[in-house]
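Me: I've got a structure open and I'd like to learn how to read it feature by feature. Can you walk me through it?

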Amino acid sequence: MNWDDIRIFLAVARQGSLTAAGIHLAMSASSVSRHIEELESRIGTALFSRSQTGYVLSDAGLEILADAEKAESSLIDIMRKASGSAQRLFGTVRVALPENLATHLILPEVSQFIEKYPNISLEFVTNVSLTNLTRREADISLRLVRPEAGRFVVSRVAQMATALYASSDYLAKFPFNRQLKGRGHFVVSWDEMFGYLQSSTWLNEQLPQACVTVRTTTLQSQLAACMGGAGLSVLPCFIADLVPNLIRLMPPKEVFMQDIWLTMHHDISKLSRIRAVAKFLQETMQYNHDRLLGV
């Protein structure tokens, strides 16, 4: 007997009719009847006596009733222990990720994780530079660059669309013409120490005639400057599309897409608390799939 056999057998035994058992199980009476008939056929004996008043256990049914109830009780204990194991997970997990992912995607959902795992303490390291997992500066990272070396467990969890934006006030003064390669325009970009970032190199290559008048060390400050009309800026669509006065000037397919990588050091990747946090991060990314793609 499998679990479906047990739960359907017990429902009919306790409810005394196919209709009542079906309501209890959220099944049709015909489905309940078919399961019982198939079970009786497999074991080679009738488990119930049928009558107009309902189903009554036969001698054979009475013999297995106690064992079926023990199996049910064991399964309930297993499920209770499984759900309780979440409460026993404890410890600190340090997560490194870009500030924009933390602020706009992960932290707004973190209360759900805390409610499920109240004994896990989360530490978030939000910066642009790559935190070193080998030196255990973090346990898990969400990054836009895939590690090229090291004993890591790596998976791509999402893609992030990026586009060129400007405020409506800025465009009223400086209409955009892509053919001019940025001539006559101002640009908001990264500080020179972050010149290796893809958005910085894209601006240099695609809008070489533009004048970089604002450089910052955070994406949030670039967003603020662009919103205020300081110039053109390359921004993630999942953030910029929510700002009413920002306008896409070039779509993601003409700017670039970035992969988001979840990375853990191999030595700790099987720890329960690490797996729990990794699953939360991955599910949050998947939930925001369309938003990250700018659709």
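Reply: Sure. Keep in mind that this is a predicted model. Let's take a cysteine to begin with: Cys237 is buried, as its relative accessible area is 0%.

Me: Which residue has the cysteine sulfur nearest to that of Cys237, and how far away is it?

Reply: A disulfide calls for two cysteine sulfur atoms within 2.5 Å. For Cys237 the nearest cysteine sulfur is that of Cys226, 12 Å away, so by the 2.5 Å cut-off Cys237 is in no disulfide. The structure as a whole holds zero disulfides. Cys226 is in no disulfide either, with the sulfur of Cys237 12 Å off. Cys226 is buried too, at a relative accessible area of 0%.

Me: OK, zooming out. How many helices and strands does the protein have?

Reply: The count comes to 12 helices and 11 strands. For the overall spread, compare the radius of gyration with what the globule rule gives: here it is 30 Å, well over the 19 Å for 295 residues, so the protein is more spread out than a compact globule. The C-alpha trace spans about 90 × 45 × 30 Å along its principal axes.

Me: And what share of the residues is buried?

Reply: Buried residues make up 41% of the 295. On the outside, the accessible surface is about 15,800 Å², with 51% of it belonging to carbon and sulfur atoms. Contacts give another view: of those between residues at least 6 apart in sequence, 74% join residues at least 24 apart.

Me: Which members of the largest nonpolar core touch the most other members?

Reply: The general idea is that nonpolar side chains in soluble globular proteins tend to be buried together. In this model the largest nonpolar core has 45 residues, and Ile140, Leu142, Ile260, Leu281 and Met285 touch the most other members. Helix 11, residues 272–287, supplies the largest share of this core, with seven residues. Another core, of 17 residues, lies apart from it and includes Ala21, Leu39, Leu57 and Ala68.

Me: How do I read a strand pairing? For instance, how many bridges join strand 1 to strand 2?

Reply: Look at the direction and the bridges together. Strand 1 (residues 48–51) runs antiparallel to strand 2, and four bridges join them. One of the pairings to look up is Arg50, whose bridge partner in strand 2 is Tyr55. The two strands form a hairpin, with two residues between them.

Me: What comes after strand 2, around Ser58?

Reply: Ser58 sits in the loop between strand 2 (54–57) and helix 4 (59–88). Don't assume a loop residue is out in the open: Ser58 has a relative accessible area of 12%, which counts as buried because the cut-off is under 20%. Leaving aside residues up to four places away in sequence, Ser58 touches Ala46, Leu47, Phe48 and Ser49.

Me: Last one: backbone angles. Which sign does phi have at Ala26 and Lys181?

Reply: Most residues other than glycine have a negative phi. Ala26, though not a glycine, has a positive phi of about 60°. Ala26 belongs to the loop between helix 2 (18–25) and helix 3 (29–43), and is exposed at 73% relative accessible area. Lys181 also isn't a glycine, and its phi is positive at about 55°. You'll find Lys181 in the loop between helix 7 (168–173) and strand 7 (186–190), where its 42% relative accessibility makes Lys181 partly exposed.

How values were computed: Residues are numbered from 1 along each chain as its sequence is written. This is a predicted model: local features need pLDDT of at least 70, side-chain atom pairs count only at pLDDT 80 or more; totals for chains, interfaces and linings use all residues. Side-chain values use heavy atoms; hydrogens and water are left out. Buried means under 20% relative accessible area, exposed over 50%, partly exposed in between (1.4 Å probe, protein chains only). Contact means heavy atoms within 4.5 Å. Two strands pair if DSSP finds at least two bridges between them. The radius of gyration is taken over C-alpha atoms; the globule rule is 2.2 Å times the number of residues to the power 0.38. Accessible areas come from the Shrake-Rupley method with a 1.4 Å probe; for residues, only the protein chains shown count as cover. A nonpolar core is a set of buried Ala, Val, Leu, Ile, Met, Phe, Trp, Tyr and Cys residues joined through side-chain atoms within 4.5 Å.
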